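Here are my notes for someone opening this entry without having seen it before. They are set out as numbered points, to be read beside the structure.

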Amino acid sequence: MSQRKIFLVLVAISTVSLLLHHGGHLSWTMEAFHLGCPSIQSHPSVGLKPKHTNVVFLKTHKTASTTMQNMLFRFAERHNLTAALPVQACSHQFCYPRSFTSHFVHPHTLPPNIITSHMRFNRAELQRLMPNDTIYVTILREPGLMFESLFSYYNQHCQSFKRVPNGSLEAFLQEPWRYYRPDEKDSMYARNSLTFDLGGDKDRPTTDVAYARSFVAEVDRVFSLVLIAEHFDESLVLLRRLLSWDLDDVLYFKLNMRTPSSKRSLTPGLPAKIRAWNSLDARLYDHFNASLWRQLSALGVACVAREVRLLRQAQERLMRSCFGERTPLRSAAQIKNKDLRPWQPSGKVDIVGYDLPLNLSSGFSSQAQDLCLKLILPEIQFTRVLLRSQSLRYRRLHQLRPQPPAHTLQQPGRTGLPRHRSPQPAAAPAAPGTRPTSRPAAGSQTTRSGSRSSSVQAS
């Protein structure tokens, strides 16, 4: 046999072996390649770009952000990363609505790779806490749908909503200043909630167009990707490429959803009134929704559709493996396991969750059982579980470290939080209502620069 034939036989054997070894992981890559899609890994391999593991996800309200948070919590666990979690005094959020500070972070979750719990964005503090190559991501939702959800969800907590007769959204929007108090507790839910979460001034006059434009531009500079809730799966296509993650890393089950009876349809004219009352949020959404579709168009419609289909097929298989053929969603009252019951904001709103089958352990590995459990674990419970596991890891790590001799005096020094890097000079945190002006350090990936390819155009 000639050397050429021997070489071809070896190539054929190697190819078959590779296909058998990687199985379904390569099917996605081959399909994408067939369409001429830009290359992206579906399975880790030597020579491919490593996964990006330092991520800030700004969790906004009523935007499918709990589903994203669950995805990031699971990614942190699976890759033995540290997710920053709040101190006990802050509950499961970083003392929201106060502006974020590193003092809100539990010491056993430092230094972090990922941060994803609710906060009011403070860029300077996050830059001090996170590594230089951290990528910033957030999510927005169409203002009309989001405000209806906020009004329903926080109706018994936000005084601006609570004082409206008969809990009428129409009545509130007819005369919002009659019920709204800008400085009142929880007022951030009643106007420009997205703007507030992003660190902006929710009550800046609508006529201040210069502020609105500069604020949107600042968010565009800081965040490498802004997901859109109405196009969640398409947004994940871009997220995978940005972070070089596997398909398995972005699988999810929807969390923190209301029952259909807890939702109300918007009557004609209400969406326009909502946009006018939340004009800053509307400007943010319009800008980043257009930006998302420009990026997706640059990838190619067929390519994006193929990725979305593969994602949904993988999720359907995962749903069947965890729940069989039965309908998994349950109202909170029907969920027997209290550790799986989502938080209910009031008796007027019913949040659905999941209950695992009693026979889940039959034929399932412990790893598969754990995945099914973590996919449906509500936010508060997952935060507790993750804090417990990270605290145990922290204690083990510090027990293994050699202790200084008893007679050695500790040199006086400044106490502070563990950091990934030496502190960089930074401007003071922006006061509420002002736009942050500090710039990231040279080489930092906290901005869009370097995170988008030439085929993905900024808006």
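1. One open sheet has 5 strands in the order β2-β3-β1-β4-β5, and its pairing is parallel. At its edges stand β2 (83-84) and β5 (225-228), each of which pairs on one side only. Please keep in mind throughout that this is a predicted model.

2. The contact between β4 and β5 can be followed in some detail. Strand β4 (residues 135-140) runs parallel to β5, and 4 bridges join the two. Within this pairing, Ile139 is opposite Leu227 of β5. Leu227 comes up again in point 7, as one of the residues touched by Leu236.

3. A second open sheet is made of 3 strands, ordered β6-β8-β7, and here the pairing is antiparallel. Its edge strands are β6 (257-258) and β7 (329-331); each has a single partner strand, so one side of each is left without a neighbour in the sheet. Strand β8 (residues 351-354) pairs with β7 in the antiparallel sense, over 3 bridges. Leu329 has Tyr354 in β8 as its bridge partner. As background to both sheets, strands pair through backbone hydrogen bonds, in either a parallel or an antiparallel way.

4. For the chain as a whole, the count is 16 helices and 8 strands. The protein chain has 459 residues, of which 51% count as buried. If one takes the contacts between residues at least 6 apart in sequence, 74% of them join residues at least 24 apart.

5. How many disulfides does a search of the whole structure find? The search gives 2. One is formed by Cys90 and Cys95, with 1.8 Å between their sulfur atoms. This link is left-handed, with -80 degrees about the S-S bond. Cys90 and Cys95 are both buried.

6. The other link joins Cys322 to Cys372, with an S to S distance of 2.0 Å. The torsion about its S-S bond is about -85 degrees, so this disulfide too is left-handed. Cys322 belongs to helix α14 (residues 301-323) and Cys372 to helix α15 (residues 366-376), so the pair ties together parts that are 50 residues apart in sequence. Both of these cysteines, Cys322 and Cys372, are buried. A further cysteine, Cys158, counts as buried because its relative accessibility is 0%, and the cut-off for that label is under 20%.

7. Leu236 is worth a look before turning to the cavities. This residue sits in helix α11. Is Leu236 buried or exposed? Its relative accessibility is 1%, so Leu236 counts as buried. Apart from residues up to four places away in sequence, Leu236 touches Met68, Met71, Leu227, Val250, Tyr252 and Leu311. Leu236 and Leu247 are 11 residues apart along the chain, and their C-alpha atoms are separated by 9.5 Å.

8. The whole structure holds 2 cavities of 30 Å³ or more. The second largest cavity contains about 40 Å³ of space. Which residues line the second largest cavity? They are Asp233, Leu236, Val237, Arg240, Leu247, Val250, Glu307, Val308 and Leu311. Leu236 is therefore part of this lining as well as being buried.

9. Which helix gives the most to the lining of the second largest cavity? The answer is α11, with 4 residues. Both α11 (232-243) and α14 supply at least two lining residues each. Helix α14 is also the one that holds Cys322 of the disulfide in point 6. Sorted by class, the lining has 6 nonpolar and 3 charged residues, and no polar ones. On the general idea behind such a search, rolling a probe the size of a water molecule over the atoms shows where empty space is left.

10. A last residue to inspect is Gln381, found in helix α16 (residues 379-400). Gln381 counts as buried because its relative accessibility is 11%. Leaving out neighbours within four places in sequence, Gln381 is in contact with Lys338, Asp339, Leu340 and Arg341.

Key:
Residues are numbered from 1 along each chain as its sequence is written. This is a predicted model: local features need pLDDT of at least 70, side-chain atom pairs count only at pLDDT 80 or more; totals for chains, interfaces and linings use all residues. Side-chain values use heavy atoms; hydrogens and water are left out. A disulfide is a pair of cysteine sulfur atoms within 2.5 Å. Buried means under 20% relative accessible area, exposed over 50%, partly exposed in between (1.4 Å probe, protein chains only). On a 1 Å grid over the protein atoms alone, a cavity is a set of points where a 1.4 Å probe fits but cannot get out, and a pocket is an open set with protein on both sides within 12 Å along at least five of seven lines; lining residues have an atom within 4 Å of a point. Grid points are joined across faces, edges and corners, and a volume is the space filled by probe spheres set on the points. Ala, Val, Leu, Ile, Met, Phe, Trp, Tyr, Cys and Pro count as nonpolar, Asp, Glu, Lys and Arg as charged, and the others, Gly among them, as polar. Two strands pair if DSSP finds at least two bridges between them. Contact means heavy atoms within 4.5 Å.
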